[in-house]
Amino acid sequence: MPLKVFNTLSRKLEAIRPINPKEIRMYTCGPTVYDTAHIGNMRTFMFEDLLKRYLLYKGFQVLHVMNITDVDDRTIERAQTENQSREDITDQYTRLFLEDMETLNILPADHLPRATEFIPQMVESIKILIEKRHAYQTDEGSIYFDVSSYPDYGCLARLDAEELRPGERVADDSYEKEEARDFALWKAHKPSDGDNAWPSPWGKGRPGWHIECSVMSTHFLGEHFDIHCGGVDNIFPHHENEIAQSKCLSDTPFANLWIHGEHLIVDGRKMSKSLGNYYTLRDILDEKLPPEAVRYTLLATNYRQKLNFTFEKVRESQKAINRLRELARRLEAVPSSQEGSDMEPPDRAVEISLDDDLNIAGALGAIFSWAKDLFSYMDNDNLSYASAQTSLKALRRYDTIFGVVYFNLESDLEQELKALIMAREQARQAHDWEKADAIREELRSKGIIIEDTPTGTVWKKG
Ligand code: AMP
Ligand code: ZN
């Protein structure tokens with residue numbers, strides 16, 4: 001069955017049919033690296049990770065590009081308030097962002113281009129838009145896209161013609177639908193930009209945010225590719241403007257499918273820096289909650305529904321992961337001599353759900369009901385060894401999509417072992433042989449053998 005997703009462009013569920021068989025080309029708008037990302041941002045990157053992992057599960061190759069916006073209004077403003085260079089600010093937050101992505105087990109993109117690496121290409125594209133009369137220069141040397149030159153302007157956000165105000169201009173990178181008008185492709189240098197300026201035929205300046213993504217996506221994926229993603233707040237103006245620029249540049253289709261994730265909210269409002277109602281990943285990990293529980297929380301609500309974030313939800317997620325981990329341990333412990341009933345893994349139910357617009361809640365429901373049956377068979381010593389092995393393989397297979405059961409597991413185990421080994425060492429030093437032996441036994445019951453060597457205690461799996 002093909003995977004169907006909601007295409008914002010057509011407002012319909014559409015099957016993903018790759019332009020090149022077997023390879024899906026996908027662009028996801030990356031972070032603006034002016035500050036630490038919050039978990040609202042991470043929710044969008046998480047739904048994109050689910051989409052990518054499920055495509056990989058289905059056997060596609062995925063060529064994935066995510067940009068890093070390292071020059072725009074916000075990065076320049078932040079550099080000024082911090083009295084640092086834009087380069088230092090954006091390097092620092094790019095590093096933190098990539099660390100957070102790794103901590104959350106989000107698969108890295110194949111390419112992570114920074115906007116500042118592509119400024120000559122942006123200038124070339126703007127030149128073409130001027131030649132094709134889709135853009136014009138203002139007195140101060142800025143270049144604006146003329147929305148009246150592209151009759152389909154507003155096709156993604158479904159703007160009415162009367163909402164457009166051609167000839168009027170908006171200079172900011174971000175603005176609301178009510179302000180739909182000609183937007184900046186190139187911004188002439190002004191004193192508040194400091195030394196953030198690049199040469200161009202129109203004098204020194206810097207690119208507008210929207211042209212950055214049009215140029216970087218096309219550079220890596222070609223003019224016509226499969227999927228373009230972002231959060232719902234990207235629909236207007238960012239993606240609307242990207243479509244206008246790209247279509248006018250190449251006269252070919254741009255991205256086939258536009259997929260947008262709903263917001264993560266707190267007390268009914270979008271989590272955002274400007275409202276001050278945000279948590280970073282670090283804030284949550286500081287509460288002694290593990291990253292896989294954050295991952296599960298961000299994943300488990302279907303991507304087109306708002307997710308109301310609470311710490312309670314993260315704790316519930318941890319319980320859900322623990323149950324699946326317990327399932328794995330119990331399945332591993334089924335002896336090879338065990339005879340009993342056979343149980344089919346719920347591949348079909350999982351795939352039917354995920355094929356239906358990534359219905360992860362449905363897929364998880366199928367997995368937990370299978371787990372419940374497995375536990376009850378094992379409680380009665382009535383699950384065959386063959387079924388236990390098949391079930392373990394299925395759990396691993398599903399976890400290539402969810403990335404929570406086997407992720408971070410080894411390190412948890414190691415931490416627990418280290419604590420036990422240290423406690424035993426302390427008991428030995430205090431000549432409390434009884435306690436030291438009890439800990440050795442406890443470790444043995446976990447399948448760990450410890451040996452005291454002249455250089456310290458070492459452990460191995462028994
Ligand atoms: P930014 O760094 O502001 O460009 O945002 C990076 C990504 O995070 C974009 O795709 C936004 O749509 C997304 N985003 C921002 N706030 C939220 C939120 N509260 N919930 C989900 N996604 C968000
Ligand atoms: Zn973008």
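Let's start with the metal. The zinc ion (ligand 2) is held by three donors: SG of Cys29, SG of Cys213 and NE2 of His238, at 2.0 to 2.2 Å. A donor here is an N, O or S atom within 2.8 Å of the metal, or 3.2 Å for Na, K and Ca; water is not among the atoms, so sites may look incomplete. Along the sequence, the donor residues follow the spacing C-x183-C-x24-H. Cys29 and Cys213 link distant parts of the chain, 184 residues apart. Cys29 is in the loop between strand 3 and helix 1, and Cys213 is in helix 5 (residues 209-221). Helices are DSSP runs of H or I with at least four residues, strands are runs of E with at least two, and both are numbered from the N terminus. Are these two cysteines, Cys29 and Cys213, buried or exposed? Both are buried. Buried means under 20% relative accessible area, exposed means over 50%, and partly exposed is in between, with a 1.4 Å probe and protein chains only.

A quick word on the source. This is a predicted model: local features need pLDDT of at least 70, side-chain atom pairs count only at pLDDT 80 or more, and totals for chains, interfaces and linings use all residues. Residues are numbered from 1 along each chain as its sequence is written, chains are lettered from A and ligands numbered from 1 in the order in which they are written, and side-chain values use heavy atoms, with hydrogens and water left out.

Now the whole chain. The protein chain has 14 helices and 16 strands. Its C-alpha atoms fill a box of roughly 85 × 50 × 40 Å along the principal axes. Of the 462 residues, 52% are buried.

Next, charges. Side chains of opposite charge can pair when their charged atoms come close. How many salt bridges does a search of the whole structure find? The count is 31. A salt bridge is a side-chain nitrogen of Lys or Arg within 4 Å of a carboxyl oxygen of Asp or Glu.

I'll show three pairs. Take Asp35 and Arg78: their closest N and O atoms are 3.0 Å apart. This pair links distant parts of the chain, 43 residues apart. Asp35 is in the loop between strand 3 (23-28) and helix 1 (39-57), while Arg78 is in helix 2 (residues 73-82). Asp35 has a relative accessibility of 18%, so it counts as buried. Arg78 is buried too, with a relative accessible area of 18%.

Second pair: Lys132 and Asp251, with closest N and O atoms 3.1 Å apart. Lys132 sits in the loop between helix 4 (119-131) and strand 5 (135-137), and Asp251 in the loop between helix 6 (235-250) and strand 11 (255-261), so the salt bridge ties together parts 119 residues apart in sequence. Lys132 is partly exposed at 31%. Asp251 is exposed at 61%.

Third pair: Asp452 and Arg440, 3.6 Å from N to O. They are 12 residues apart, with Asp452 in strand 15 (residues 448-453) and Arg440 in helix 14 (residues 433-445). Both are partly exposed: Asp452 at 32%, Arg440 at 27%.

There is also a network of salt bridges. It links Asp73, Asp173, Lys187, Lys190, Asp193 and Arg206.

Last, the backbone. Most residues other than glycine have a negative phi, and most peptide bonds are trans. Which residues does a cis peptide bond join here? They are Phe236 and Pro237, with omega about 0 degrees. Pro237 is found in helix 6. Lys288 is not a glycine, yet has a positive phi of about 65 degrees. Lys288 lies in the loop between helix 7 (281-285) and helix 8 (291-300). Lys288 is exposed, with a relative accessible area of 75%. His431 also has a positive phi, near 55 degrees. Look for His431 in the loop between helix 13 (409-429) and helix 14. At 59% relative accessibility, His431 counts as exposed.

That's my tour. Back to the zinc ion on screen: find Cys29, Cys213 and His238 around it.
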